[in-house]
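Please open the model in your viewer and keep the sequence panel beside it. The stops below say what to select and what is there.

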2 protein chains.
Amino acid sequence: MCPHALIPYKPVNPKTRLSCILGQAEREAFARAMLQDVITNTIDALCTPVIVSTELYDSEDVQITIKDADLSSSLNQILPDCAGPLLILMADLPLADRESIQRVTATTSDMAIVPGRGGGTNVIFIKDTKRFHVDYYGMSFLKHMKIAQDAGLSCEVIDSFRLHTDIDEKEDLAELLIHGTGKSRAYLEGLGISLVVDKGRVGVERKR
Amino acid sequence: MCPHALIPYKPVNPKTRLSCILGQAEREAFARAMLQDVITNTIDALCTPVIVSTELYDSEDVQITIKDADLSSSLNQILPDCAGPLLILMADLPLADRESIQRVTATTSDMAIVPGRGGGTNVIFIKDTKRFHVDYYGMSFLKHMKIAQDAGLSCEVIDSFRLHTDIDEKEDLAELLIHGTGKSRAYLEGLGISLVVDKGRVGVERKR
């Protein structure tokens, strides 16, 4: 039983909140490295990745193309046609590892969810996709919990910092440098980005 | 087998990074409410809390008093004299619940550790306290992993966002309002602090 894993991904001009430390081409390469880490670990967790991309990009990944603004409604068109359980996880979760993903897919509840930092939703696992729909953006974690409740679905919240830590801002890069092991960490290190401690707090700096 | 749980706590002028939204008396009451949540859940997880406080405060909690600047060396004086396993967890972890604490104390390794956001150490569990010492501040998670390795101790890293989320800054309050259930959340709500979504991002605001 290898559930499909839908991975929403934006190849062009992604991660604009990292513009303070990465140029556009670098952000695109970094997002691609994070995607590769997520794909590797998703396969390792015995799932079959399908990239849900805002445009086609050059790779052998299985791809579905959607409009950027339309993630929720695009996914909601796909969901009723899925056979079997489905995982949806974001492409900016380079700390996701086999163990954390398998804690999600091993749920004994009807579905499982992992909140992102700031009330978002980083991972959803749904056994019967006909009974659920997604509603991303804003406080989506609480919205998804409500949708599950209204549909009579039991929902386990998976307590994982690896899946909770989406990489959006400069300070998030410190988490990747501390806890990451894959291509996205190596990409940052190749740019000369490293950890620094300033007044007892940990951040990152880039050698120019 | 109820391990002691040392809980470092600063009753006077704590959490200064929350000064933008809370006055000093409010920060002290809020820190006390978080401590109470941590104590409740620590007991629930079958541990015996001992508060390691920078000064005595009025309560029936079991207290040890230390100098603020001296957390690491004070704990290192205590460690060799501890009989049996020991948990050390911070007082600013109001999302800590029974399940997450018990994942730590159930480790089959010599010790377990939970990293905080930004490279800190939020929770340590040590079975043989004579073989380990602490070194807080800065990149303490990596330091503690190294100390364990040098001592030949196997160390499990517990993947928990509940124990990873220490409450230091205004944006962290959103996590407490989303995922918290205890006195510290109720305290914030009593002050009129609530979740807001601004440009798709979740934060908090305080009604004046």
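Select Asp150(B) and Lys146(B): in this predicted model the two form a salt bridge, with the closest N and O atoms 2.8 Å apart. Both residues belong to helix H4 (residues 140–150) of chain B, and because they are four residues apart there, about one helical turn separates them. Asp150(B) has a relative accessible area of 55% and is exposed. Lys146(B), at 46% relative accessibility, counts as partly exposed.

**Other salt bridges**

Over all chains the count comes to 28 salt bridges. For another one, select Lys15(A) and Asp92(A), whose side chains meet at 2.7 Å, N to O. Lys15(A) sits in the loop between strand E1 (4–9) and H1 of chain A, and Asp92(A) in the loop between strand E4 (86–89) and helix H3 (98–105) of chain A, so this pair ties together parts that are 77 residues apart in sequence. Are Lys15(A) and Asp92(A) buried or exposed? Both Lys15(A) and Asp92(A) are buried.

Now add Arg17(A), Asp168(A) and Glu169(A) to the selection. Together with Lys15(A) and Asp92(A), these residues are linked in a network of salt bridges.

Next, select Arg103(A) and Asp159(B). The closest N and O atoms of this salt bridge are 3.7 Å apart. Arg103(A) lies in helix H3 of chain A, while Asp159(B) lies in the loop between strand E7 (155–157) and helix H5 (161–164) of chain B, so the pair joins two chains. Arg103(A) is partly exposed, at 27% relative accessibility. Asp159(B) has a relative accessible area of 11% and is buried.

**A serine in chain B**

Move to Ser100(B), in helix H3 (residues 98–105) of chain B. Its relative accessibility is 1%, so Ser100(B) counts as buried; the cut-off for that is under 20%. Which side chain makes a polar contact with the side chain of Ser100(B)? The partner is the side chain of Asp97(B), at 2.6 Å. Leaving out residues up to four places away in sequence, Ser100(B) touches Ser160(B), Arg162(B) and Leu163(B), and also Asp159(A) from chain A.

**How the chains are related**

Show both chains together. A turn of 180° with a shift of 0.0 Å along the axis lays chain B on chain A, with an RMSD of 0.0 Å. That is the relation of a two-fold axis. The same surface serves both copies, since 100% of the contact residues of chain B recur in chain A.

**Aromatic pairs**

How many aromatic pairs does the structure hold over all chains? There are four. For one of them, select Phe30(A) and Tyr187(A), which are stacked, with 6.4 Å centre to centre and 25° between the planes. Phe30(A) is in helix H1 (residues 24–44) of chain A and Tyr187(A) in helix H7 (residues 183–190) of chain A, so the pair ties together parts that are 157 residues apart in sequence. Phe30(A) is buried at 0% relative accessibility, and Tyr187(A) is partly exposed at 23%.

Then select Tyr9(B) and Tyr57(B). Their ring centres are 5.1 Å apart and their planes stand at 75°, so this pair is edge-to-face. Tyr9(B) lies in strand E1 (residues 4–9) of chain B, and Tyr57(B) in the loop between strand E2 (48–53) and strand E3 (63–65) of chain B, so the pair ties together parts that are 48 residues apart in sequence. Tyr9(B) and Tyr57(B) are both buried.

**Nonpolar cores**

Return to Phe30(A) and colour it with Leu75(B), Leu87(B), Ile88(B), Leu89(B), Val104(B) and Phe132(B). These residues have the most contacts inside the largest nonpolar core, which has 65 residues. Helix H6 (residues 170–179) of chain A gives the most to this core, with five residues. Apart from it lies another core, of 64 residues, including Ile124(A), Ile126(A), Ile178(B) and Val204(B).

For a last stop, centre on Leu87(B). Not counting neighbours within four places in sequence, its contacts include His4(B), Ala5(B), Leu6(B) and Cys47(B). Also in contact with Leu87(B) are Ile101(B), Val104(B) and Thr105(B), as well as Val123(B), Ile124(B) and Phe125(B).

Methods: Residues are numbered from 1 along each chain as its sequence is written. Chains are lettered from A and ligands numbered from 1 in the order in which they are written. This is a predicted model: local features need pLDDT of at least 70, side-chain atom pairs count only at pLDDT 80 or more; totals for chains, interfaces and linings use all residues. Side-chain values use heavy atoms; hydrogens and water are left out. Buried means under 20% relative accessible area, exposed over 50%, partly exposed in between (1.4 Å probe, protein chains only). A polar contact is a pair of N or O atoms within 3.5 Å; within protein, one must be able to donate a hydrogen and the other to accept it, and residues adjacent in sequence count only if both atoms are side-chain atoms. Contact means heavy atoms within 4.5 Å. Rings of Phe, Tyr and Trp (its six-membered ring) pair if their centres lie within 6.5 Å; planes under 30 degrees apart count as stacked, over 60 as edge-to-face and the rest as tilted. Copies are superposed by least squares on the C-alpha atoms of residues with pLDDT of at least 70 in both. A nonpolar core is a set of buried Ala, Val, Leu, Ile, Met, Phe, Trp, Tyr and Cys residues joined through side-chain atoms within 4.5 Å. A salt bridge is a side-chain nitrogen of Lys or Arg within 4 Å of a carboxyl oxygen of Asp or Glu.
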